[in-house]
Amino acid sequence: MRESQPASPRRAALHPAFHADSRRNGRRRFASALSAAAIATCLCATTLTAQIRGRPAARPPDAGWWFSGGVAAMILNDISDGATRSTWKFGSDPLWQMRGTLEKALDEATTIGVSAGYGVVDLTLSPLTYTAAKPPTSPELPAQCATGCDAQTQLWTLMGQFRSGGSSGFHTLFEAAGGVTGFRDMRVRADSSGVTGAALGPKKGQFDLSGTLGAGFGYGLSSNLHIALVQEFGMGWHAKSDLPDGTGRTWRVRTTRASLRFGFGSHR
């Protein structure tokens, strides 16, 4: 067999130096890799920042103004009224009201504007009970209402409105409104012969501070024609004058609304 030759003195002398050079080269390559990664990270962050700062603004609305018209079905709680010395009971059946809005578009999904509603509704009057310690000063109810009677009144609403949500196709929306709810021309309901009933309460009517919050969904038939269905809840504050002690003056309302919305004009 061939005997293995011993390593030459030159190879033995170069071996440690060769490994030292390899380690130094490895460290240089690692440092270069780190530097390249840091530069890439900085460039990426700079690019992202530039993209965020330079991202396009929200798309302008398709129309500058929106008009809507529809109907509202309202369930209104009882209201205690000192001016007529009675509690107004609206029952559990819906009270129907026509409603319209005029809104200014702020962007493609947000509008502010005004809403107005009108309807003639039925109610029942039930006399309030007073004590000798605090007698009423308002006129008495007509004789036919001494123990209660049926009546009618005009139900008005006028509110400022904020609306968020809206686009082509199906979308959800949120609405908030605040203003007044008015009860005007309240009269005892006409009898069977068609004779107009006696007037009740102040001639100018009564107006309550009120507000609502609502949510629903809509569908864009086109860029400027939408349909919407909204469920909203509201509260009002009635006049407290001439009410018996301990009688509340707040009332609540629940409303379901359907409307058709038309967009027109420029957003500029």
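**Figure 1. β9 and β10 pair in the antiparallel sense.** In this predicted model, the two strands are joined over 13 bridges. One pair to pick out in this close-up is H226 and R261: R261, in β10, is the bridge partner of H226. The loop between β9 and β10 holds D242, a residue that gets a view of its own in a later figure.

**Figure 2. β9 also pairs with β8, again in the antiparallel sense.** Here, too, 13 bridges link the two strands. The connection between β8 and β9 is a hairpin that passes through 2 residues. Two opposite pairs help you find your way along the ladder: L213 faces F233 of β9, and G211 faces M235 of β9.

**Figure 3. The side chains of β9 alternate between two faces.** In a regular strand, the side chains take turns between the two faces of the sheet. For β9, which faces hold the buried residues and which hold the others? H226, A228, V230, E232, G234 and G236 point to one face and are buried. L225, I227, L229, Q231, F233, M235 and W237 point to the other face and are not buried. H226, the bridge partner of R261 in β10, thus belongs to the buried set. F233, opposite L213, and M235, opposite G211, are both on the face that is not buried.

**Figure 4. β7 and β8 run antiparallel and are joined by 15 bridges.** A good place to start in this view is G179, which stands opposite S210 in β8. From β8, the hairpin of 2 residues then leads on to β9.

**Figure 5. The largest cavity holds about 170 Å³ of space.** How many residues line this cavity, and which are closest to its centre? There are 19 lining residues, and M74, T157, M159, T212 and E232 are the closest to the centre. E232 is also one of the buried residues of β9. Seven elements each supply at least two residues of the lining: β1 (65-76), β4 (95-107), β6 (149-164), β7 (169-188), β8 (206-222), β9 (225-237) and β10 (250-264). The largest share, 4 residues, comes from β10. Sorted by class, the lining has 7 nonpolar, 9 polar and 3 charged residues. If you run your own search over the whole structure, keep in mind that 4 cavities of 30 Å³ or more were found here.

**Figure 6. R85 and D242 are two residues with positive phi.** Most residues other than glycine have a negative phi. R85 has a positive phi of about 55°, although it is not a glycine. Its place is the loop between β2 (79-81) and β3 (86-89). Is R85 buried or exposed? Its relative accessibility is 17%, so R85 counts as buried. D242 has a phi near 65°, likewise a positive value in a residue other than glycine. D242 sits in the loop between β9 and β10. With a relative accessibility of 15%, D242 counts as buried because the cut-off is under 20%.

**Figure 7. G166 sits in the loop between β6 and β7.** The relative accessible area of G166 is 13%, so this glycine is buried. Which residues does G166 touch, once neighbours within four places in sequence are set aside? The contacts are with E108, A109, H171 and T172. E108 is 58 residues from G166 in sequence, yet the C-alpha atoms of the two are 7.1 Å apart in space.

**Figure 8. The whole protein has 1 helix and 10 strands.** From the N terminus on, the elements run α-β-β-β-β-β-β-β-β-β-β. Of the 268 residues, 34% count as buried. Among contacts with a separation of 6 or more, 70% are between residues 24 or more positions apart. How confident is the predictor, and what is the mean pLDDT? The mean is 82, and 74% of the residues reach 70 or more. Two stretches deserve care in this view. Over residues 9-14, pLDDT stays under 50, and the model has 0 contacts beyond four places in sequence for them. Over residues 40-52, pLDDT is again below 50, with 0 contacts beyond near neighbours in sequence.

Technical notes:
Residues are numbered from 1 along each chain as its sequence is written. This is a predicted model: local features need pLDDT of at least 70, side-chain atom pairs count only at pLDDT 80 or more; totals for chains, interfaces and linings use all residues. Side-chain values use heavy atoms; hydrogens and water are left out. On a 1 Å grid over the protein atoms alone, a cavity is a set of points where a 1.4 Å probe fits but cannot get out, and a pocket is an open set with protein on both sides within 12 Å along at least five of seven lines; lining residues have an atom within 4 Å of a point. Grid points are joined across faces, edges and corners, and a volume is the space filled by probe spheres set on the points. Ala, Val, Leu, Ile, Met, Phe, Trp, Tyr, Cys and Pro count as nonpolar, Asp, Glu, Lys and Arg as charged, and the others, Gly among them, as polar. pLDDT is the predictor's confidence in each residue, from 0 to 100. Contact means heavy atoms within 4.5 Å. Buried means under 20% relative accessible area, exposed over 50%, partly exposed in between (1.4 Å probe, protein chains only). Two strands pair if DSSP finds at least two bridges between them.
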